[in-house]
Amino acid sequence: MLTRRDVLKQGGVAAALATTAPWWLVRRAHAARREKLIVWSPVALAPQVDKILKEQAYAYAKQAGIKENELEYVEIGTGQQIPKLVASLEAGNPPDVMRQGQTQAALYRAQGHLIEVTDIVEKMQQVPGGLFDASLSTAMYKGKAYSVPQSISPIPLVARMDILEAAKVEPPKTYDELIEVSKKLQKPPKLLGYGMCLGLHTDTEGNVMDAIWAYGGKLVEADDKTVALNSPGTVQAVKVIADMYHKHKIIPKGAISWDNQGNNKAYQSRQVIFVVNASSIYAHLSESDKELYDVTGMLAAPGGPAGPSDRVSTQEFFLFKHNPYPEVAKGLVQYYMDPENLRVVMEEGGGRWGPPYKGMYNTPFWQKAGFQHWRQILDRGRLFSSPGGMGAAAGEVYATTVLARMVHRVLVDNWEAEKAVEEAHNKVAEIYARYPEG
């Protein structure tokens, strides 16, 4: 039985053929294709987006001369993404193409798993307006690209505007206000205030970092070498989270076991008033629950003494090595990132993500009132490791849920916040020591 590496050595790739399409190239499959083009697509938490992405993959395959049974398209649940990918990399058999989040590109690049894709990113930069700096910072390393920017997502406060308006209460702008508004408006046990993700998953990493920034903490300094997690700001943030969970009881008890869909489900089932989450909830409701969609707002996430979090996240396409048909895989990614194909995903998908192209926000869709605050966050947003860069070390911190485990020490193991923060700081320092470039 031939392995994927054997096929690669045999050179089973034909030359790329230009088509009448103005932006992308059809990457023709070899006539005697021995292995499938394998695409892993993590679920978007908005079913209409999953449907469009799958349809586009098969549309590309048809135009590239790939038979349906030669394309293996797999949708992966949010809690399975990283474990499944890690296992495939350890086995030397990763997918050809996968979409993943901002922190992973540098990590897998540093580990030698990714194909260089500078040619694709340079082409994308020629689209009017070019790419957002945040998307470029996650894709580029020493002037070369190792992932393809797919989207950028501001992380707003998703809020039940009908409940706020009925009580004549202003939306909270700080964590102190979030606590007070939640205590006033929640009706336990059926309706609680804040659906904060606290499970050992990546959504928790982001939610915890939002609070850390609000109180003046950070993961690392701008030099990408000096780990800065152990600070009064981080300790205060952890204490505030613990108080929201134990003392004020505005966070559902089950949140400590949620995966990345937990906060979505809590809001969509009307169990919480607020969540801090990407626009996946908003996009999902546009198709599944018009009544709730119409009373849902996307506002600036709560801040604190150090200001708002203004967090954004990015998604990228990764093209892995051990791929017998790299040109075919590159063709698929270019097809996805053709501006018109991307517009369908972004706009007909209800705004699940925002396009990484600056020039794509001038359509009526993005001028809707619901995206007003969302667009403001986009303009001033920062990434998980800010003020540091999104290097391999930050990727490992994120993937191994160091911040979530820090919070669990306090919520589950009854540690003092100071001790939990010190342990997490030491773990982060260990990780950064393994990646001298950050």
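## Surface and burial

The chain exposes about 17,400 Å², and carbon and sulfur atoms supply 51% of that area. Please keep in mind that this is a predicted model. As for the interior, 60% of the 438 residues in the chain count as buried.

## Overall build

If you trace the secondary structure along the chain, you will meet 19 helices and eleven strands. The C-alpha trace spans about 65 × 50 × 40 Å along its principal axes.

How does the chain compare with a compact globule? For 438 residues, such a globule would have a radius of gyration near 22 Å, and the chain, at 22 Å, agrees with this. Contacts tell us about the fold as well: among those in the chain with a separation of 6 or more, 76% join residues 24 or more positions apart.

## A helix pair to look at

Two packed helices are described by the angle between their axes and the distance between the axes. Here is one pair to find in the structure: helix α9, residues 202-214, packs with helix α18, residues 402-411. Their angle is about 75 degrees and their axes lie 8 Å apart. Angles of 65 to 115 degrees count as roughly perpendicular, so α9 and α18 are roughly perpendicular to each other.

Which residues bring the two helices together? From α9 come T204, E205, V208, M209 and I212, and they meet V402, L403, A404, M406 and V407 in α18. By character, the residues of this contact divide into eight nonpolar, one polar and one charged.

How values were computed
Residues are numbered from 1 along each chain as its sequence is written. This is a predicted model: local features need pLDDT of at least 70, side-chain atom pairs count only at pLDDT 80 or more; totals for chains, interfaces and linings use all residues. Side-chain values use heavy atoms; hydrogens and water are left out. Axes are lines fitted to C-alpha atoms, for helices over the stretch in contact, and angles run from 0 to 180 degrees between N-to-C directions. Helices (H or I, at least four residues) and strands (E, at least two) are DSSP runs, numbered from the N terminus. Angles under 35 degrees count as roughly parallel, over 145 as roughly antiparallel, 65 to 115 as roughly perpendicular and the rest as oblique. Contact means heavy atoms within 4.5 Å. Ala, Val, Leu, Ile, Met, Phe, Trp, Tyr, Cys and Pro count as nonpolar, Asp, Glu, Lys and Arg as charged, and the others, Gly among them, as polar. The radius of gyration is taken over C-alpha atoms; the globule rule is 2.2 Å times the number of residues to the power 0.38. Buried means under 20% relative accessible area, exposed over 50%, partly exposed in between (1.4 Å probe, protein chains only). Accessible areas come from the Shrake-Rupley method with a 1.4 Å probe; for residues, only the protein chains shown count as cover.
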